[in-house]
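Let's work through a couple of exercises on a helix and a ligand. Have the structure open and try each task before you read its solution.

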Amino acid sequence: QARVVAVDGPSGSGKSTVSKRLASALGSAYLDTGAMYRAAALAALRSGVDLADKDAVAEAVRTAKLELGTTPGDPFTRLDGEPVDAEIRGAEVTGAVSAVAGVPAVREHLIAEQRRIIAEAGAGIVVEGRDIAEVVAPDADLKVYLYADELERARRRSAENDTDVSATAADIARRDAADSKTTKPLEAAAGAVAIDTTHLGIDAVVGRMLALLSN
Ligand code: CDP
């Protein structure tokens with residue numbers, strides 16, 4: 001199997017930027033599993049089902065058509081043929097995603113899809129998420145856990161989304177708490193190298209990962 005790099009971490013840890021840069025540097029594919037859960041949440045919202053009805057949510061997700069672009073320079077997300085890149089980062093989806101990602105049948109469906117994409121990546125793949133090293137790709141060649149101080153994570157995310165820092169901090173804390181029931185957003189998996197990105201630039205983090213891969 002081609003080289004697989006697993007990058008896990010909470011919101012604002014820098015995992016998306018770092019994962020895309022690393023994939024470009026390696027000439028490999030890139031998979032944003034968070035975008036898959038976000039698109040699944042949007043599918044559930046659009047179907048109008050009660051988000052507390054796990055069977056209905058799972059059915060809405062299973063019948064939706066999700067397409068993920070795995071080129072690091074153009075990682076698009078489509079739902080039923082339509083680009084949803086902006087919408088899946090909006091407040092409505094962000095508010096619903098932890099509940100949808102917490103449905104076991106949704107995870108089962110998306111994890112199978114993620115494993116299929118990984119198996120088909122002939123030039124290797126960098127996969128980012130929260131359960132990649134532990135669940136999706138435990139045989140990954142390199143497992144990295146990125147983390148940063150809570151305030152720094154909120155600052156980064158609010159700069160990206162042009163939102164208020166304290167509201168963003170509250171949203172991240174709420175999602176970290178909700179996600180900790182299904183994934184382990186705040187801890188490194190066994191065998192993962194933990195990197196504190198609070199005071200490290202993107203190039204430094206990518207450099208460290210490239211060094212780990214060449215060892
Ligand atoms: O915005 P942020 O970078 O925090 O999150 P994301 O990577 O876009 O993931 C959005 C949400 O999807 C998370 O808050 C989790 O609820 C869920 N998720 C998950 O359950 N498992 C993954 N492997 C990736 C994301």
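A polar contact here is a pair of N or O atoms within 3.5 Å. Keep in mind that this is a predicted model.

**Exercise 1.** Find which side chains make polar contacts with the ligand, using Thr-33, Arg-157 and Arg-175.

*Solution.* Start with Thr-33: one of its polar side-chain atoms sits 3.0 Å from a ligand nitrogen. Next comes Arg-157, with a polar side-chain atom 2.5 Å from an oxygen atom of the ligand. Then look at Arg-175, where an N or O atom of the side chain is 2.8 Å from a ligand oxygen. Now zoom out: on its own the ligand has 530 Å² of accessible area, and the protein covers 98% of that.

**Exercise 2.** Work out how many residues surround the ligand, and which helix gives the most to that shell.

*Solution.* The count is 18 residues, and the closest are Ser-11, Arg-38, Arg-157, Arg-175 and Asp-179. H2, H4 and H8 each bring at least two residues to the shell. H2 gives the most, with four residues.

**Exercise 3.** Decide where the buried residues of H8 lie around its axis.

*Solution.* First, get to know the helix: H8 runs over residues 165-179 and spans 20 Å from first to last C-alpha, close to the expected 21 Å. Then list its buried residues: Thr-168, Ile-172, Arg-175, Asp-176 and Asp-179. They cover an arc of only 105° around the axis, so they're on the same side of H8. Finally, check what covers them: the cover includes helices H2 (33-47), H4 (91-101) and H7 (150-161).

Notes. Residues numbered from 1 in each chain as written. Predicted model: local features only at pLDDT ≥ 70, side-chain atom pairs only at ≥ 80, totals over all residues. Heavy atoms only, no water. Expected span 1.5 Å × (residues − 1). Buried < 20%, exposed > 50% of the residue type's maximum accessible area, 1.4 Å probe, protein only. Arc of directions from axis to C-beta. Contact = heavy atoms within 4.5 Å. Near = heavy atom within 4 Å. Polar contact = N/O pair within 3.5 Å; in protein donor to acceptor, adjacent residues only side chain to side chain. Areas by Shrake-Rupley, 256 points an atom, 1.4 Å probe, with all protein chains shown as cover.
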